[in-house]
Amino acid sequence: MNLLPSLLILSLVFNVVLLFFLWLDHKNMKRKCEELELNGKLREESESRVDIALAGADLGLWEWHIGSDTFKLSHYATEILKLEGDDVIRTSSDWKMRIHPQDLPVRTEKLQAYLKNTSERYECEFRIQYKQGQWLWLHERGRLLDKNEVFDESLMIGTFFDITARKEMEKELLLLAMTDPLTGLANRRVFQERLHLEWSHSRRQPNYQAVIAMCDIDHFKHINDIYGHDAGDAVLKYFADTLSRCIRENDLAARIGGEEFAVILQDDRLSEARAWAERFRTQIASGVVIHRKVKIQITVSIGLASIDAEEPDLVLKAADNALYRAKHTGRNHVVVGMTPMVKQES
């Protein structure tokens, strides 16, 4: 009976100690939960700051876990590509499927070269589909963030930004450098380059023939003097449009100055070129340019020369001489010029 108080005291002490440790454990668990919650908030804030920074720099971000082939886009990256609904990119294959077929081989080659030699940064420009039938130009950069001994466990981080506006500007500048701004035809420089290519082709393949047609609108100065320069521009545009419709896809029409135009008729003999020139001359003569309710009729003189001279300049000279004769034999004529033939090697 004397042991009962002692057992009760021991039991009470044990329960107090147990409660104390349970309280400590609860306190530690609560602290850990608070720390996890705080870390989660800090991580979310950090990710939010990263998203804000990327959006401010107009950068999309992707992560590629090479081993599992998981591909993750940042929130702003999905906005750049206008991805929604089922347009989910989860693997590198999903990403590749959106790249333009003409650009994919270059992108694949550059990426593989980087993965073999990671001392350099991966960088590539390509088109990617962001809407049905529409394409964006992207400038993509990437680097291996964590290269493990086991390569398949490596992580690669990449960024990209939209360069579509720059590409369109480059295209416009290139077009301006190659075309006549009034008529939209090729300019003199493009014509000269094409003439040299055709001449080189004829030298390599003696059986190949091509012809130059020099075209000059008759009495063009009188049109400007009588009707004004606006009417003259309308005539030039009409002439260029008609000329464009009368040539084949592989031929080249160019405005080389003032009212003078030149055509390269690819893979044609002089007889075939003359038949074409007569058809074109007739079409121009039968047409009418209407400018401010005024009807303006025009004619054209044409000089032809085969691209078989010793020098490209001699071809131009022969065509110019033929055009001169056409202008001085009543205009609205087609004249065939003679070019100095290429000397045959003994």
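This section describes the nonpolar cores, one helix, the salt bridges and a surface patch of a predicted model.

In soluble globular proteins, nonpolar side chains tend to be buried together. The largest nonpolar core of the model holds 30 residues, of which Phe239, Leu243, Phe261, Val263, Trp276, Phe280 and Ile302 touch the most other members. At least two residues of this core are supplied by each of β6 (211-217), α7 (220-227), α8 (229-246), β8 (260-265), α9 (270-286) and β11 (300-306), and the largest share, six residues, is that of α8. For Trp276, once neighbours within four places in sequence are left aside, the residues in contact are Ala213, Leu243, Cys246, Ile247, Val263 and Leu265. Another core lies apart from this one and comprises 26 residues, including Ala77, Tyr130, Leu138 and Phe160.

Helix α7 has a buried side and an opposing face that carries exposed residues. Its buried residues are Phe220, Ile223 and Asn224, and because they cover an arc of only 95° around the axis, they are placed on the same side of α7. The elements against which the buried residues of α7 pack are β6, α8 and β10 (294-296). On the face turned away from the buried side, the exposed residues are Lys221, Asp225 and Ile226. After α7 comes Gly228, for which phi is positive, near 100°.

Side chains of opposite charge can pair when their charged atoms come close. With a side-chain nitrogen of Lys or Arg required to lie within 4 Å of a carboxyl oxygen of Asp or Glu, the count of salt bridges comes to 17. One of these pairs joins the side chains of Asp103 and Arg127, with an N to O distance of 2.8 Å. Asp103 is located in the loop between α3 (92-97) and α4 (104-116), whereas Arg127 belongs to strand β3 (residues 122-131), so that the salt bridge ties together parts that are 24 residues apart in sequence. Both Asp103 and Arg127 are buried.

A further salt bridge is formed by Arg255 and Asp180, whose closest N and O atoms are 3.3 Å apart. This pair links distant parts of the chain, since Arg255 lies in strand β7 (residues 252-257) and Asp180 in the loop between α5 and α6 (188-204), with their positions 75 residues apart in sequence. Arg255 and Asp180 are both buried.

In the salt bridge between Arg121 and Glu123, the closest N and O atoms are 3.4 Å apart. Arg121 has a relative accessible area of 42% and is therefore classed as partly exposed, and Glu123, at 29% relative accessibility, likewise counts as partly exposed. Beyond these individual pairs, salt bridges also link Glu125, Arg166, Lys167 and Glu170 in a network.

On the surface of the model, Met169, Leu173 and Leu176 make a nonpolar patch of about 340 Å². Of these residues, Leu173 is found in helix α5 (residues 164-178), and because its relative accessible area is 52%, Leu173 is classed as exposed, the threshold for that class being over 50%.

Definitions and conventions:
Residues are numbered from 1 along each chain as its sequence is written. This is a predicted model: local features need pLDDT of at least 70, side-chain atom pairs count only at pLDDT 80 or more; totals for chains, interfaces and linings use all residues. Side-chain values use heavy atoms; hydrogens and water are left out. Patches are made of residues with over 30% relative accessible area and no salt bridge: like charges are joined within 9 Å, nonpolar side chains (Val, Leu, Ile, Met, Phe, Trp, Tyr) within 5 Å. Accessible areas come from the Shrake-Rupley method with a 1.4 Å probe; for residues, only the protein chains shown count as cover. Helices (H or I, at least four residues) and strands (E, at least two) are DSSP runs, numbered from the N terminus. Buried means under 20% relative accessible area, exposed over 50%, partly exposed in between (1.4 Å probe, protein chains only). A nonpolar core is a set of buried Ala, Val, Leu, Ile, Met, Phe, Trp, Tyr and Cys residues joined through side-chain atoms within 4.5 Å. Contact means heavy atoms within 4.5 Å. The arc is that of the directions from the helix axis to the C-beta atoms.
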